[in-house]
Amino acid sequence: MRSIFSVLQRTAATSWQPPIAASIRGPRMAFKLDSICARCRRQQIRFYSKQLADDPRWLSVVDHPAQIVRTGRKHGPGLIILALIPIISFALGTWQIQRLDWKTKLIAKYEDRLVKPPLPLPPQIDPDAISEFDYRRVYTTGRFRHDQEMLVGPRMREGEDGFIVVTPLERGEGESTVLVNRGWISKKMKDQKDRTEGLSQGEVTVEGLLREPWKKNMFTPENKPEDGKFYFPDVEQMAELTGSQPVWIEETMIADMVEYYNRSGKGIPIARAAEVNLRNNHSQYIFTW
């Protein structure tokens with residue numbers, strides 16, 4: 001029985017083989033495999049032998065390098081503007097720093113003059129020396145020439161329209177007449193007949209700040225003195241009209257709300273406070289630029 005099974009196992013092992021392995025061992029199959037490998041090698045040779053340089057559309061980096069901006073080449077206006085922006089900003093910022101230093105020193109100089117006691121106004125004033133006493137407190141005595149009063153405006157105060165009252169002050173014998181900015185009145189008190197209490201009679205003593213003449217800006221219209229219209233205080237023009245010296249004094253008063261309402265109701269000009277009111281926004285401009 002054992003011999004029969006052993007014979008069958010040997011016969012099956014020698015008679016059956018995998019079809020692929022049996023076909024590979026045959027001569028015809030070996031020839032086919034050789035031909036397939038040969039075709040693969042030829043395709044590889046053709047693929048690798050055909051370089052990118054053989055394509056006429058291909059451009060070599062060596063023969064055609066990337067172009068860069070040349071020094072002598074003209075640039076468009078946009079690039080020039082972009083290059084100028086940081087330069088201009090730096091220049092403006094530096095200029096504002098200088099302006100800030102100048103304005104700070106100027107305000108400190110004026111505030112130092114304010115704390116000094118008032119000086120009596122000389123009989124005759126040299127207009128060229130006024131700049132050395134700008135914001136200096138002075139006092140003088142005389143009579144107001146209400147018949148030569150001039151209203152400068154319109155001027156706004158606390159949201160209300162009005163005018164600045166400028167009246168020549170006629171001083172004693174041998175003394176010159178000067179221009180006094182008495183303060184602000186409401187538009188409804190424009191006519192002198194409506195503010196008789198504001199027309200002081202007799203001799204008065206005026207205390208105020210000696211100021212340099214105003215400078216007109218390009219947006220302010222020209223005065224029309226023939227029509228009694230003054231849009232800005234042209235000190236030279238007003239002095240010529242009234243026979244005064246071109247000396248400008250701004251009358252001062254102690255800031256008090258009760259006094260403000262009292263003067264406003266009676267038509268008495270509301271004078272300014274004795275303080276420096278120069279704007280100093282240069283630090284904001286520095287951060288802006």
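A residue counts as buried when its relative accessible area is under 20%, as exposed when that area is over 50%, and as partly exposed in between. The structure described here is a predicted model.

**Aromatic pairs**

By this cut-off Tyr 260 is buried, because its relative accessibility is 13%. Its partner Tyr 261 is exposed, with a relative accessible area of 56%. A pair of aromatic rings is described by the distance of the centres and the angle of the planes. The structure holds 3 aromatic pairs, and two of them are described here. The rings of Trp 214 and Trp 248 have centres 6.4 Å apart and planes at 70 degrees, so this pair is edge-to-face. Trp 214 belongs to the loop between β6 (204–211) and α5 (235–242), whereas Trp 248 belongs to strand β7 (residues 248–251), so the contact ties together parts that are 34 residues apart in sequence. Tyr 260 and Tyr 261 also form an edge-to-face pair, at 5.3 Å centre to centre and with 75 degrees between the planes. Trp 214 is partly exposed at 40% relative accessibility, while Trp 248 is buried at 1%.

A further ring takes part in a contact with a charged side chain: Arg 182 lies over the face of Phe 144, at 4.7 Å from the ring centre.

**Backbone geometry**

Most residues other than glycine have a negative phi, and most peptide bonds are trans. Three sites depart from this pattern. The peptide bond from Gly 153 to Pro 154 is cis, with omega near 10 degrees; Pro 154 lies within strand β3 (residues 150–157). The other two sites are residues with positive phi, and they are set out below.

| Residue | Phi | Location | Relative accessible area |
|---|---|---|---|
| Tyr 135 | about 70 degrees | loop between β1 (119–120) and β2 (136–144) | 1%, buried |
| Glu 158 | near 55 degrees | loop between β3 and β4 (160–170) | 71%, exposed |

Tyr 135 is thus a buried loop residue, whereas Glu 158 is an exposed one.

**Strand pairing**

Strand β2 pairs with β1 in the parallel sense over 2 bridges, and within this pairing Pro 120 stands opposite Tyr 139 of β2. With β6, strand β2 runs antiparallel, and 7 bridges join the two; here Gly 142 stands opposite Val 204 in β6. The pairing of β2 with β4 is likewise antiparallel and comprises 2 bridges. Phe 144, whose ring face is covered by Arg 182, stands opposite Leu 169 in β4.

**Nonpolar cores**

In soluble globular proteins, nonpolar side chains tend to be buried together. The largest nonpolar core of this model has 13 residues, of which Leu 169, Val 178, Val 247 and Ile 249 touch the most other members. Strands β2, β5 (178–186) and β6 each supply at least two residues of this core, and the largest share, 3 residues, comes from β6.

Which residues does Ile 249 contact, leaving aside its neighbours within four places in sequence? Its partners are Leu 121, Val 138, Val 178, Leu 179, Val 180, Asn 181, Gly 208, Leu 209 and Leu 210. A second, separate core has 10 residues, including Met 150, Ile 164, Leu 179 and Ala 239. Leu 179 is therefore a member of the second core and also a contact of Ile 249, one of the residues that touch the most other members of the largest core.

Methods: Residues numbered from 1 in each chain as written. Predicted model: local features only at pLDDT ≥ 70, side-chain atom pairs only at ≥ 80, totals over all residues. Heavy atoms only, no water. Helix = DSSP H or I, 4+ residues; strand = E, 2+ residues; numbered from the N terminus. Buried < 20%, exposed > 50% of the residue type's maximum accessible area, 1.4 Å probe, protein only. Phe/Tyr/Trp six-rings, centres within 6.5 Å; stacked < 30°, edge-to-face > 60°. Lys NZ or Arg CZ within 6 Å of the ring centre and 35° of its normal. Core = buried A, V, L, I, M, F, W, Y, C linked by side-chain atoms within 4.5 Å. Contact = heavy atoms within 4.5 Å. Pairing = 2+ DSSP bridges.
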